[in-house]
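Welcome! Please take a moment to look over the sequence and the 3D view before reading on.

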Amino acid sequence: MNIMKTIHIFYGRSEVSEGEASRPQLLKNWLRFVCSVLLIILFMFFLAPWLQKVPSIRTLSRYIEESGIDAGAVYYTEVEEVGDADLAVRNTFRFYLPKK
Amino acid sequence: MAEEQKPVGSAEVVIDKAETKLSDLWKLEDYWAIWLGFLILVVGMAIFFPRPPENMQENIAKAEQAMEAEAARAPFKTIEWHKANDAKGKIKGTSQGYAKKIKKFVSKPKGWKTSIGTAFIMSKEDAAAKGEKAVPKYEAAKAKEGEALAAATAAQAAAAAAGFSNAELNNTAKEAILDWRGAKRKASSAKKKTAAKGYNQIGFLIGLCAVMAIFFSIGIFFMKGGGEAAKFIPGFVGVFIVAVVAYLAAGQATMKEYGIGYAAWAILFGLIISNTIGTPKWMLKAVQTEYYIKTGLVLLGAEILFGKILSIGVPGIFVAWVVTPIVLISTFIFGQKVIKMPSPTLNMTISADMSVCGVSAAIATAAACRAKKEELTLAVGLSLVFTSIMMIVMPAIIKGTGMDHVLGGAWMGGTIDATGAVAAAGAFLSERALYTAATIKMIQNVLIGVIAFGVAVYWCAKYECAPGQKVSPIEIWVRFPKFVIGFIVASIIFSMMYANMGESVGAAMIDHGVLRGFSKNFRGWFFCLAFVSIGLATNFRELGSYFKGGKPLILYVCGQSFNLVLTLVMAYIMFFKVFPQITAAI
């Protein structure tokens, strides 16, 4: 089985006749895919760490790394620290504010 | 998201036949989202409710007695008070052995730095070596904590010797205790790293994929038949693999530090696949954005506990529940009248994610007003970029200006979109900033329920009509996105259970039990699958057309600027002018 046929089967395409004609396009598409992945790798391992040389970014980044806080969490139930804060604030209100 | 919807205009109004059928209950996606969402919640309750932590009531009572005694003894939170509070915090369903096993099963890939394999597998030897490597840092942090505790104990003893009536001694003790809390937080984070354990996530991920594929295919079977359900399963495996890759990227150390979460990666990887090599046909069967989103939103409904809105008293209500709707409505009107946004649904989705809480608000609002998937993508993208910037810039401004940390915390909590970024920025400043920022954000998170319901009703009754057209209640019902009912009912049921159990037991069994220990994990996966699906079905060129003229960016920047000013003013008035005693107590 040639590679074009395998790719067509993978993509669920029934017609294989256009295989030869679409070969350059297919190659171009895969090249684009590889380039996109490389750009992500570039960002993840070179650009983003390089930006951390800026003092304010570096300080916060280090803190997040050390504390283990999930800075990408989208809702309060995903962040342990929000649970701690809720508990502490509630108990502060309950035991201190009515009287003091 | 809602491809079937016609554009709104005088001649092209959405016209639904005002009829509902009994078969809608097993034929419509919205109802299946409700059934599946509730199935997870019921299973979660069946697991957690009969197995509370041992001696839960007694231990809670013991901790509360200690806190009460300390509150009667001193006018500030003493060391003993904090220790009792910490002990109470450890009483939770998620600490139980069975909850830890569940967590393993539903977990995403682990964090990693350069070796991608460690996201899935780590041998016992490697884990031991990793733990060993973290020991010196922990020892140093522990020593600092010990010093801080000694200083706090001495300061507190001095204040106690003066009968806690000397304001200066009290303040010194309070400051020393806060320093100890900061050192303790650092030491406990460092300790966690020394306890690294070996793991192999691959088996669990395969199992989870199989469970979720069967779970969603049940609905597909009833809605579309057995043939489609059979085709759905292999497609789901493909979508799940991309979701795992998205979680993998989000777990990379540097990306975690920037707060770039799974949502951004899921959309990006989906977009890359669909716009380069193309989404395979067999995978398209499982590209079910709305199905995943709606099921996830029903689960999110359970996390909306209305009892939480009073956590920080009246100031919290004003900062989160008064400012936020004002900013949301003003930004929407500004977008319609001044910027003249071409799409009202895009306008609403951006306004909600900017003013409420980022990605989660964008998902809920977009689903409620039936925004297109490209519009949700754009709103999420804008939110993620600005969250990363604000997370870095705002603590720097607060530090630089010497702003009080309660005020700064409230400001960040009310304005930074993502909850994780708020917690990170708050904790970076101090425990007081963290407590205020995180609590305000949590109250704002709860607002999603009201916003989503309000938007859904408004869109059905007002927006999807021609000028002057009146819509009958039955038509509103037909147009109304039914899954929102599941979302609201889940919220009401869980809020009532939370209230009935009492704040302390509710926190241990619901918030830190069924929700954080069970449903939240599935909800995260469902949203991730939805974002992957959005990417897999989106064309870059179409996405570009929504950004024409930079109007979405202008809307976000103008709305966020207004939000920053109004939140700061409101927080200042509330925490410093009206309720200074609350600020002093935090």
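This report goes from confidence, to the two chains and their contact, to some single helices and residues.

**How to read the model**

This is a predicted model, in which local features need pLDDT of at least 70, side-chain atom pairs count only at pLDDT 80 or more, and totals for chains, interfaces and linings use all residues. Residues are numbered from 1 along each chain as its sequence is written, while chains are lettered from A and ligands numbered from 1 in the order in which they are written.

The score pLDDT is the predictor's confidence in each residue, from 0 to 100. For the complex, the predictor gives an ipTM of 0.88 and a pTM of 0.90. The table sets out the confidence of each chain.

| Chain | Mean pLDDT | Residues at 70 or more | Helix with lowest mean | Helix with highest mean |
|---|---|---|---|---|
| Chain A | pLDDT 83 | 76% | α1(A), 62 | α4(A), 91 |
| Chain B | pLDDT 91 | 96% | α21(B), 77 | α2(B), 96 |

Some stretches call for care. In chain A, pLDDT stays under 50 over residues 14–21, for which the model has five contacts beyond four places in sequence. In chain B, pLDDT stays under 50 over residues 2–16, and here the model has 18 contacts beyond four places in sequence. Where pLDDT is low, the predicted coordinates should not be read in detail.

**Chain A and its contact with chain B**

Chain A has four helices and zero strands. Helices (H or I, at least four residues) and strands (E, at least two) are DSSP runs, numbered from the N terminus. Of the 100 residues of chain A, 30% count as buried. A residue is buried if 20 or more other C-beta atoms lie within 10 Å of its own, exposed if 12 or fewer, and partly exposed in between, with C-beta atoms placed from the backbone.

How many residues of chain A are in contact with chain B? There are 51 of them, and they meet 68 residues of chain B. Two residues are in contact if their C-beta atoms, placed from the backbone, lie within 7 Å. On the side of chain A that touches chain B, α2 (19–51), α3 (55–67) and α4 (80–95) each supply at least two residues. Helix α4(A) gives the most, with 14 residues. By class, this side of chain A has 27 nonpolar, 12 polar and 12 charged residues. Here Ala, Val, Leu, Ile, Met, Phe, Trp, Tyr, Cys and Pro count as nonpolar, Asp, Glu, Lys and Arg as charged, and the others, Gly among them, as polar.

One residue to find at this contact is B:Thr254, which lies in helix α10 (residues 253–258) of chain B. Leaving out residues up to four places away in sequence, B:Thr254 touches A:Met44, A:Ala48 and A:Pro49. B:Thr254 counts as buried because it has 20 C-beta neighbours inside 10 Å.

**Inside chain B**

The domain assignment of chain B gives domain 1 (24–52 + 203–585) and domain 2 (124–197); such bounds come from an automatic or database domain assignment. Taken over C-alpha atoms, the centres of these two domains are separated by 35 Å.

Now look at a helix that is mostly covered: in α18 (residues 405–415) of chain B, 10 of the 11 residues are buried. Among them are B:His405, B:Trp411 and B:Met412. The buried residues of α18(B) pack against several helices of chain B, including α14 (313–339), α17 (373–401) and α20 (431–463).

**Two unusual loop residues**

B:Asn55 has a positive phi of about 50° although it is not a glycine. B:Asn55 is found in the loop between α2 (29–48) and α3 (56–73) of chain B. Is B:Asn55 buried or exposed? With 11 C-beta neighbours inside 10 Å, B:Asn55 counts as exposed.

B:Phe164 is not a glycine either, and has a positive phi of about 55°. Its place is the loop between α6 (124–161) and α7 (167–194) of chain B. B:Phe164 counts as partly exposed because it has 17 C-beta neighbours inside 10 Å.
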